[in-house]
Amino acid sequence: MDLKSLVLKNRSYRRFNETHKVEYPVLEKLIDLARFTPSAGNRQPLKFLLFNTPEKCDRIFPSLSWAGYLKEWPGPEEGERPSAYVVILGDKSIFESFGTDLGIVAQTIMLGAAEIGLGGCMIQSIKKEDLRQELKLPDIYEILLVLAIGKPVEEVVIDDVKSGEIKYWRDVNKIHHVPKRNLSDLILKL
């Protein structure tokens, strides 16, 4: 698969086949991909918690908000929840800033998941203190992002932005529509 096809396949999926197990070694391989990515100052301050059992995933789910633009939707219902999570942490004993590394690592993990037929969603809307307490995390780790991973059951399509409206939405058939700006809107000519 060429890179553009992989990028187009890597959408933000929010509904999954919950019975499709994501094996722990698969999660480890995704983190192994991430560990080879560039890191600011080569500090490599990110750490990862991996969850792939129903019991462990049930600990993560209540701390997440799923789709800011879909106000009436509380998130995936039972049977459509992810079968794995990667919680990305910043190790403050190594460095206090994680911005550049976080984006590179998260996208690499999600592209790796897409390449093997999985999908996911990067979730930054997290009840961080609730999750910290649930996981009994020491203060040295900052919760940065949660990646929900599983076998997608929803169709996500890309639409052109119309009238400046960039909010994603679902149609009556539960197809998830994501408006994207045109290339000509992104490249400035000064």
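Q: How many salt bridges does a search of the whole structure find?
A: The search finds 7 salt bridges. The structure is a predicted model, in which local features need pLDDT of at least 70, side-chain atom pairs count only at pLDDT 80 or more, and totals for chains, interfaces and linings use all residues. Residues are numbered from 1 along each chain as its sequence is written, and side-chain values use heavy atoms, with hydrogens and water left out.

Q: Why is the contact between Glu80 and Arg15 called a salt bridge?
A: The term requires a side-chain nitrogen of Lys or Arg within 4 Å of a carboxyl oxygen of Asp or Glu. For Glu80 and Arg15 the N to O distance is 3.0 Å, so the pair qualifies.

Q: What makes this pair a tie between parts of the chain?
A: Glu80 is in the loop between α3 (54-60) and β2 (84-91), and Arg15 is in the loop between α1 (3-9) and α2 (24-35), so the salt bridge ties together parts 65 residues apart in sequence. Helices (H or I, at least four residues) and strands (E, at least two) are DSSP runs, numbered from the N terminus.

Q: Why is Arg15 called buried or exposed?
A: Buried means under 20% relative accessible area, exposed over 50%, and partly exposed in between (1.4 Å probe, protein chains only). Arg15 has 9%, so Arg15 is buried. Glu80, at 18%, is buried too.

Q: Which class fits Glu134 and Arg59?
A: Glu134 has a relative accessible area of 33%, so it is partly exposed. Arg59, at 31%, also counts as partly exposed. These two residues form a salt bridge, their closest N and O atoms being 2.8 Å apart. Glu134 is in helix α5 (residues 128-135) and Arg59 in helix α3, 75 residues apart.

Q: How do you know that Arg170 and Glu154 form a salt bridge?
A: Their closest N and O atoms are 3.2 Å apart, so the pair meets the definition. Arg170 lies in strand β6 (residues 169-170) and Glu154 in the loop between β4 (141-150) and β5 (156-160), so parts 16 residues apart in sequence are tied together. Glu154 is buried, with a relative accessible area of 7%.

Q: What makes Arg15, Glu80, Glu154 and Arg170 one network?
A: Salt bridges that share partners join these four residues.
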